[in-house]
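Thanks for making time this morning. Please have a look at the model on the screen, and then I will walk through the contact between its chains and one strand.

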Number of protein chains: 2
Amino acid sequence: MINTLVAKIQKTNAPIVVGLDPMMKFIPEHITKKAFAEYGETLEGAAEAIWQYNKGIVDAVYDLIPAVKPQIAMYEQFGIPGLVAFDKTVKYCKEKGLVVIGDIKRGDIGSTSAAYATGHLGKVQVGSNSFYGFDEDFVTVNPYLGSDGVKPFIDVCKEEKKGIFVLVKTSNPSSGEFQDRLIDGKPLYEWVGQQVDAWGAEHMGDAYSYVGAVVGATYPEMGKVLRDIMPKAYILVPGYGAQGGKGKDLVHFFNKDGLGAIVNSSRGIIAAYQSDAYKEKFAPENYADASRAAVLDMIDDIAGALGTK
Amino acid sequence: MINTLVAKIQKTNAPIVVGLDPMMKFIPEHITKKAFAEYGETLEGAAEAIWQYNKGIVDAVYDLIPAVKPQIAMYEQFGIPGLVAFDKTVKYCKEKGLVVIGDIKRGDIGSTSAAYATGHLGKVQVGSNSFYGFDEDFVTVNPYLGSDGVKPFIDVCKEEKKGIFVLVKTSNPSSGEFQDRLIDGKPLYEWVGQQVDAWGAEHMGDAYSYVGAVVGATYPEMGKVLRDIMPKAYILVPGYGAQGGKGKDLVHFFNKDGLGAIVNSSRGIIAAYQSDAYKEKFAPENYADASRAAVLDMIDDIAGALGTK
């Protein structure tokens, strides 16, 4: 699947991933109105609105991008109906030929990580049958529990030819509280980065590993260091756009081959119609067109920064 | 809810929590047979078996214990039907008067942690209505992202009078890989413990904070140090029983008031009928009676170690 992701990035010339992180305040009124008319102001109504909203965006942008990254928390907050909308979104994106990165940030002791890996990437055995649970192509993994919390994911990835992105340096303001602390003169995120490189050697694709890393666009200097520490890891870069990262900040996350990083934007794309840059031109009814325009502008911004325009 | 938990622990004289972490291999054949007859060898069949198995255990032990800790991964691996079984289990345990600790180990950037907190502890707004998602009483939280990944949970806890347990030193063999690394002469887990103490000061119950910590029974010496660093934090202690921890290892996790810790056992209780200690006495049909016997023995072991028999 890492080879597929790389090939799709090359084909689209778009090292970007759209974060499908729906919030009710992003969803245009015509969609919520219709969903509430059918299901009421209920969890089912919210889930229907989320699903229709996502579908509109995916239909408008799927030909431009290699991948999407639904953030499961945004669905999980609506309980079971929300998770049904997550499941429908994952399936629909895969039907549209998109690589799906489940942003789930799971991680636990060995047997429990194995269960998460089974549920999100693999197949679970029930009697003589086996079934996929959520069946994403990649998931994000939290490394705090060390190797035996991460390796069960890699085991399932080997079976399924799927991959993970391990949190190394996250994009949020307080990520440095623990991640930047110096251990023998090197910050914790570098030690985690070294482990990502070691874990990744166990499961290589053609040019890149199935074990990637998450490094926030908001910390470009650290991105440069981590790029060198993990040369074979694809870096998933959140924090572009709404969180403050810009195209020029991203250059050092990429390798000299122009590959090695994929940049996420969530709000900046999916709620583009509400932003200053697009709200004059696009009415809420045309929110998906605004998302398409925002994707094209993001591709242009990154290509400009990388010199690949 | 921390006051409720403490009161229930005092009433039962049982500082223990039963981990409802069902695996198909634990479930007696008479239960799976019946579930598969009704729903087939499907995810729904597995979920029904899990639910019936849990219900049997809860019915057999709820009067002896203050709390249960369902591990959501064990449900999530069966996709949506598995999560429906999780939801049913949480609701049923609450009906039975048990405190429910959702072992979800979530943690993300601010807005995303807020969504998890909403989904598991709080209420989500849909139009003019609001709804609980999974509605546990406590959840476990991963601290790798720092304060702005943890505080949204605390915010919801304040509104709902609920609590969290932050991962400090986990019970698994490789937990030391990052958690034990020395930063300015102190291991990372102590720095996290200090933060738990600081976060906890923001949301105090009567004698203990709503912000607790997870420290593995498998590391008793570290438990002793962390007990001093976080005097007001309730410590959730996994790793007793099947993972190797014993009653005598637990003494230093408790404060001098005999409170301050709650010890989890999962497999050792829920699959007791399969273990050497109980399998002669209990047939698979009486698995729940074996669980009750194992709870009584665990209470006795801990009371013996604490000198509270």
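**The interface and strand 10**

In this predicted model, 59 residues of chain A are in contact with 59 residues of chain B, where contact requires C-beta atoms, placed from the backbone, to lie within 7 Å. On the side of chain A that touches chain B, helix 6 (residues 110-120) of chain A gives the most, with six residues. By class, that side has 27 nonpolar, 24 polar and eight charged residues, with Ala, Val, Leu, Ile, Met, Phe, Trp, Tyr, Cys and Pro counted as nonpolar, Asp, Glu, Lys and Arg as charged, and the others, Gly among them, as polar.

A word on conventions: residues are numbered from 1 along each chain as its sequence is written, while chains are lettered from A and ligands numbered from 1 in the order in which they are written. As the model is predicted, local features need pLDDT of at least 70 and side-chain atom pairs count only at pLDDT 80 or more, whereas totals for chains, interfaces and linings use all residues.

Let me turn to strand 10 (residues 211-215) of chain A, in which five of five residues are buried, that is, with 20 or more other C-beta atoms within 10 Å of their own, placed from the backbone. Val211(A), Ala213(A) and Val215(A) point one way, and Gly212(A) and Val214(A) the other.

Strand 7 (residues 163-169) of chain A pairs with strand 10 of chain A in the parallel sense over five bridges, pairing needing at least two DSSP bridges, and Ile164(A) has Val211(A) as its bridge partner. Strand 10 of chain A also pairs in the parallel sense with strand 11 (residues 235-237) of chain A, over two bridges, and there Val214(A) is partnered by Leu236(A).

Definitions and conventions
Buried ≥ 20, exposed ≤ 12 C-beta atoms within 10 Å, placed from the backbone. Helix = DSSP H or I, 4+ residues; strand = E, 2+ residues; numbered from the N terminus. Contact = placed C-beta atoms within 7 Å.
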